[in-house]
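Let's take a walk through this model together. Please keep the sequence and the 3D view side by side as you read.

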Amino acid sequence: VATDPKELLVPSRDLLGDNDAHLHAMAQEAQVIVLAWGAHKGLKNRDAQVVQRLRTEMPARLHTLGWTKEGHPKHPLYLPAATQLVSLQSSPSGRY
């Protein structure tokens, strides 16, 4: 777990490890999966890898709160509370 995105850039940090298994297990239990990391660039294309896997396995569950101008899913911290979820199936305008 990293609360500061800069921590993810530390070379010794294991980007994969058991993360895929944990992400898959959590996604299987979720009725809705919200992509919402904001404007931070994907680390070594990891964001695209995870989204592609989720799109393949459970596309109807994927949602976003909109897209940044760079095409990343918007972070809820910077949005009005009334912002509605949008299915990725009906909102393909992001980079995913």
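In what order do the elements of the chain run from the N terminus on? The order is α-β-α-β-β, so a count by DSSP runs gives two helices and three strands. Please bear in mind that this is a predicted model. Of the 96 residues in the chain, 28% are buried.

A good place to begin is with the charged side chains, where the structure holds two salt bridges. In one of them, the side chains of D20 and R46 meet, with a distance of 2.5 Å from N to O. This pair links distant parts of the chain, since D20 lies in helix α1 (residues 19-29) and R46 in helix α2 (residues 46-57), 26 residues apart. If you look at how much of each partner is covered, you will find that D20 is partly exposed, with a relative accessible area of 28%. R46, by contrast, has a relative accessible area of 14%, and it counts as buried because that value is under 20%.

Now follow helix α2 along to the other salt bridge, which joins E57 and R53. Here the closest N and O atoms are 3.0 Å apart. Why do these two residues sit about one helical turn from each other? They are separated in this way because they are four residues apart in helix α2. Both ends of this bridge are partly exposed: E57 has a relative accessibility of 37%, and R53 has a relative accessible area of 32%.

Next, turn to the surface and look for nonpolar side chains. V32, V34 and L85 make a nonpolar patch of about 220 Å². One of these residues, V34, is found in strand β1 (residues 33-35). With a relative accessible area of 39%, V34 is partly exposed; that value is over 30%, so V34 passes the accessibility cut-off for a patch residue.

Finally, let's visit some empty space. Rolling a probe the size of a water molecule over the atoms shows where such space is left. The second largest pocket holds about 170 Å³. Which residues line the second largest pocket? From the earlier part of the sequence come W37, G38, A39 and H40, and they are joined by T68, K74, H75, L77, Y78 and L79. Sorted by class, this lining has five nonpolar, four polar and one charged residues. The charged one is K74, because Lys counts as charged.

Technical notes: Residues numbered from 1 in each chain as written. Predicted model: local features only at pLDDT ≥ 70, side-chain atom pairs only at ≥ 80, totals over all residues. Heavy atoms only, no water. Patch = residues over 30% accessible without salt bridge, like charges linked within 9 Å, V, L, I, M, F, W, Y side chains within 5 Å. Areas by Shrake-Rupley, 256 points an atom, 1.4 Å probe, with all protein chains shown as cover. Salt bridge = Lys/Arg side-chain N within 4 Å of Asp/Glu carboxyl O. Buried < 20%, exposed > 50% of the residue type's maximum accessible area, 1.4 Å probe, protein only. 1 Å grid on protein atoms, 1.4 Å probe; cavity = no way out; pocket = protein on both sides within 12 Å on 5 of 7 lines; lining within 4 Å. Points joined across faces, edges and corners; volume = space filled by probe spheres on them.
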